Amino acid sequence: MRRFFGKVDNQIVKFSKASLDHIKVLRLNYLEQIEVCDDGNVYLCEVSNLKPFEVRIIEKKDSSLSRELTKNIILFCPLLKRDNFELVLQKATELGVKEIYPYISSRVIKRVTKEEFNLKIDRYNSILLNASEQSNRDFVPKLHELNSLENLAKLYPNCQNKYIAYEQEAILGNKITIIDSNENDYVVLFGPEGGFSLQEVEMFKTYNFKLVSLGKRILRAETACFYLLSVLAYLIE
Ligand code: SAM
């Protein structure tokens, strides 16, 4: 069954323009059943009017059927060349991340200002929304503003589960192992096409990030991201 995100207020469902655009393309039928998701709550609905598009809530769905990961994965993601940043937004959503912090570091090749990044924020958020609908998520991941690596290193000071995928660790082979399974947050980052400088890695070490390998081969940045998130989701689930 198709899932869309909307706001439910007093049994009335309101959709964003992005969702309405998507719904229009899909050409839903009168009385067709869909799921509407609002802040983690899922409602079974039926299409009650086509123009304007309206739905009627049939019932609230059982939250035990949720497909969300039981832990929060927080991803620090470099800007990447070509469409790879957008690809990462889409795949990271499918793989269950809760929050994404985009960053610029010394070896990022695609360099933009915060203002230039913000001009694309609607496009990025609609990629996150569509991927969340497609993968039956209960939440759309939160995309934060563009940050420096130095600012990000200081976040989540008390979290024990913080991992940095480091290319120099490839041969040493330090694996991802969950340190504190009672904790809710897992913070992970991977590097841009140019990798990390030694100073950047040392900085993350001082903030208690563990260096981890993603196997012996050197992966492209986007592949490293999918590998890292897949392994983590597997360990959590
Ligand atoms: N320029 C670097 C080099 O020549 O070694 C490679 C950087 S790689 C394309 C981009 C990012 O993917 C790295 O910074 C790291 O986060 C991650 N990565 C790729 N392969 C990895 C591996 N085998 N183990 C850990 N991290 C890896």
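Here are some notes on this predicted model, point by point.

1. A good place to begin is T93, which belongs to helix α2, the stretch covering residues 84–94. Is T93 buried or exposed? With a relative accessible area of 0%, T93 is buried, because the cut-off for that label is anything under 20%. Its side chain also makes a polar contact inside the protein: it reaches the backbone oxygen of L89 at 2.7 Å.

2. Which residues does T93 touch, once those up to four places away in sequence are set aside? They are L128, A131, S132, S135, R137 and P141. Take A131 as one example: 38 residues separate it from T93 in sequence, yet the two C-alpha atoms are 6.1 Å apart in space.

3. Next, please look at strand β11, residues 185–189. Four of its five residues are buried, so the strand is largely enclosed by the rest of the structure. The two pairings described in the next point are worth viewing with that in mind.

4. Strand β11 pairs with β6 (residues 72–78) in the parallel sense, over five bridges. Within this pairing, F76 has L189 of β11 as its bridge partner. Strand β10 (residues 162–165) also runs parallel to β11, and here the pairing has three bridges. If you want a residue pair to display for it, choose Y163, whose bridge partner in β11 is V188.

5. Now for the ligand. How many residues surround it, and which come nearest? There are 21 around it, and the nearest are A165, E167, G191, G215 and R217. By residue class, the shell divides into 12 nonpolar, five polar and four charged.

6. Three polar contacts of the ligand can be picked out individually. At E167 the side chain is involved: one of its N or O atoms is 2.6 Å from an oxygen atom of the ligand. At E193 the contact is to the backbone, where a polar atom lies 3.4 Å from a ligand nitrogen. L219 also contributes a polar backbone atom, this one 2.9 Å from a nitrogen atom of the ligand. As for coverage, the ligand taken alone exposes 580 Å², and the protein buries 83% of that.

7. A few backbone details deserve a look as well. Most residues other than glycine have a negative phi, and most peptide bonds are trans. Against that background, the peptide bond joining K51 and P52 is cis, with omega at about 0 degrees. P52 is located in the loop that connects β4 (41–49) with β5 (54–60).

8. Q11 is not a glycine, but its phi is positive, at about 70 degrees. You will find Q11 in the loop between β1 (3–9) and β2 (12–15). Why does Q11 count as exposed? Its relative accessible area is 55%, and the label applies to values over 50%.

9. D39 likewise has a positive phi, near 50 degrees, in a residue other than glycine. Its place is the loop between β3 (33–38) and β4. D39 counts as exposed because its relative accessibility is 60%, and it may be handy to view it alongside Q11, which is exposed too.

Note on methods: Residues are numbered from 1 along each chain as its sequence is written. This is a predicted model: local features need pLDDT of at least 70, side-chain atom pairs count only at pLDDT 80 or more; totals for chains, interfaces and linings use all residues. Side-chain values use heavy atoms; hydrogens and water are left out. Helices (H or I, at least four residues) and strands (E, at least two) are DSSP runs, numbered from the N terminus. Buried means under 20% relative accessible area, exposed over 50%, partly exposed in between (1.4 Å probe, protein chains only). Contact means heavy atoms within 4.5 Å. A polar contact is a pair of N or O atoms within 3.5 Å; within protein, one must be able to donate a hydrogen and the other to accept it, and residues adjacent in sequence count only if both atoms are side-chain atoms. Two strands pair if DSSP finds at least two bridges between them. A residue is near a molecule or strand if one of its heavy atoms lies within 4 Å of it. Accessible areas come from the Shrake-Rupley method with a 1.4 Å probe; for residues, only the protein chains shown count as cover. Ala, Val, Leu, Ile, Met, Phe, Trp, Tyr, Cys and Pro count as nonpolar, Asp, Glu, Lys and Arg as charged, and the others, Gly among them, as polar.
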